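Colleague: I am new to this structure and would like to go through it piece by piece. Could you show me the sequence and the model?

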Amino acid sequence: MILAFKNVEFNYLNQPVFSGLNFTLEQNEFCFLIGKSGSGKSTFLQMIYMNILPEYGRITFDKFDSQSIKSKELPLLRRKLGIIFQDFKLLNDRNLYDNLAFVMEATNKSKSEIRKRVNDSLTDVGLSHRRYSFPKELSGGEKQRVAIARALVNDPLLILADEPTGNLDPATSLEILEILKKINSRGTAVIFATHNYDLIKSFNAKIIKIEDGKALNVVMKPKQ
Ligand code: ADP
Ligand code: MG
């Protein structure tokens, strides 16, 4: 088990979000996270990178514990995570290579190791030939592939994807899912928040639904 929520409660000022929330994730697991808009999917993911801490209960991820984590440990925690957003969040003033090298800057890795990791990660998403292109020269799907490469560059234990296909057409969405499946098959856990039922139905993975402040297991038959 790499991640556990135990009896977690969290409220925004006047807005209850979670109470009695339990969830666990195994190393190598792929999990879809569903739930209607405003149900708390993004908040759930933010609790994993400990941007938000629970008011009651406990979250453990790898060796980190929400009850004892210190702010100076947050960069170490975040290096164990790769995070992907709907709007890509690439740095538009640098090329793809530099977008990836940037997130390795604080890791004390040698220049040659950074070069290898950046090139390997771009190769994983089929974009190493574009390493000197700028984000504005890419399609939406290509931008999301760069964001996936950036999420991979520090060799994370877990990838968090917050509606990563929200801005993409169906065929491109499927491509993004395929890349994340491939990464998962090599041993990286993935949590994929989405509204896209076609994607969910296309892959037999664990499905968790956020509803009424809790995380419920959902069983869905894969598409024939
Ligand atoms: P989802 O990602 O499932 O759409 P969110 O996690 O973004 O849901 O939001 C869960 C609830 O918390 C919503 O009711 C939302 O309005 C509220 N919320 C989200 N972020 C904040 C915030 N920074 N301050 C106050 N309320 C928030
Ligand atoms: Mg959200």
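Colleague: What is the order of the strands in the open sheet of four strands?

Modeller: This is a predicted model, and the answers below are computed from it. The pairing in this open sheet is antiparallel. Its edge strands, each pairing on one side only, are β2 (15-25) and β5 (64-65). With those at the two ends, the order is β2-β1-β4-β5.

Colleague: Which residue of β4 stands opposite K6?

Modeller: Strand β1 covers residues 3-12 and strand β4 covers residues 56-61. The two pair in the antiparallel sense over five bridges. In this pairing, the β4 residue opposite K6 is R58.

Colleague: Which helix packs on the sheet and touches β1, β2 and β4?

Modeller: The helix in question spans residues 41-48, and its direction makes about 120° with that of β1. An angle counts as roughly antiparallel only over 145 degrees, and as roughly perpendicular from 65 to 115. The helix that touches β1, β2 and β4 is α1.

Colleague: How many of the eight residues of α1 are buried?

Modeller: Buried means under 20% relative accessible area. In α1, the residues that meet this are K41, T43, F44, L45, Q46, M47 and I48. The helix is thus mostly covered, and the number of buried residues is seven.

Colleague: Which residue with a positive phi follows α1?

Modeller: The phi of this residue is near 55°. The residue that follows α1 with this value is M50.

Colleague: Is strand β3 mostly covered or mostly open, and on which faces?

Modeller: In β3, residues 30-34, five of five residues are buried. On one side these are F30, F32 and I34. On the other side they are C31 and L33. The strand is mostly covered, and the covered faces are both.

Colleague: Which residue of β9 is the bridge partner of C31?

Modeller: β3 pairs with strand β9, residues 206-211, in the parallel sense over four bridges. β3 also pairs with strand β8, residues 189-193, in the parallel sense over four bridges. In β8 the bridge partner of C31 is I191, and F32 stands opposite F192. In β9 the bridge partner of C31 is K206.

Colleague: Which residues of β8 are buried on each side?

Modeller: β8 is mostly covered, with five of its five residues buried. On one side the buried residues are A189, I191 and A193. On the other side they are V190 and F192.

Colleague: Which residue stands opposite I191 from strand β7?

Modeller: Strand β7, residues 158-162, pairs with β8 in the parallel sense over five bridges. The residue that stands opposite I191 in β8 is L160.

Colleague: Are α5 and α6 roughly parallel or roughly antiparallel to each other?

Modeller: Helix α5 covers residues 140-152 and helix α6 residues 170-185. Their axes are 10 Å apart and pack at an angle of about 15°. Angles under 35 degrees count as roughly parallel. The two helices are therefore roughly parallel.

Colleague: Which residues of α6 meet α5?

Modeller: The crossing of the two helices is right-handed. By class, the contact has six nonpolar, three polar and two charged residues. From α5 it involves G141, Q144, R145, I148 and L152. From α6 it involves T172, E175, I176, I179, L180 and I183.

Colleague: Is S173 buried or exposed?

Modeller: S173 lies in helix α6. Leaving aside neighbours within four places in sequence, S173 is in contact with T165, L168, N196 and L199. Its relative accessibility is 1%, so S173 counts as buried.

Colleague: Which residues is S121 in contact with, leaving aside its neighbours within four places in sequence?

Modeller: S121 is in helix α4, residues 111-124. At 1% relative accessibility, S121 counts as buried. Its contacts are L100, A149, L152 and V153.

Colleague: How far apart in space are R131 and L160, C-alpha to C-alpha?

Modeller: R131 is in the loop between α4 and α5 and is partly exposed, with a relative accessible area of 25%. Not counting residues up to four places away in sequence, R131 touches N95, L96, Y97, N119 and L122. R131 and L160 are 29 residues apart in sequence, and their C-alpha to C-alpha distance is 24 Å.

Technical notes
Residues numbered from 1 in each chain as written. Chains lettered and ligands numbered in written order. Predicted model: local features only at pLDDT ≥ 70, side-chain atom pairs only at ≥ 80, totals over all residues. Heavy atoms only, no water. Axes fitted to C-alpha atoms, helices over the stretch in contact; angles between N-to-C directions. Left-handed = near helix turned anticlockwise from the far one by under 90°. Contact = heavy atoms within 4.5 Å. Nonpolar A, V, L, I, M, F, W, Y, C, P; charged D, E, K, R; others polar. Buried < 20%, exposed > 50% of the residue type's maximum accessible area, 1.4 Å probe, protein only. Pairing = 2+ DSSP bridges.
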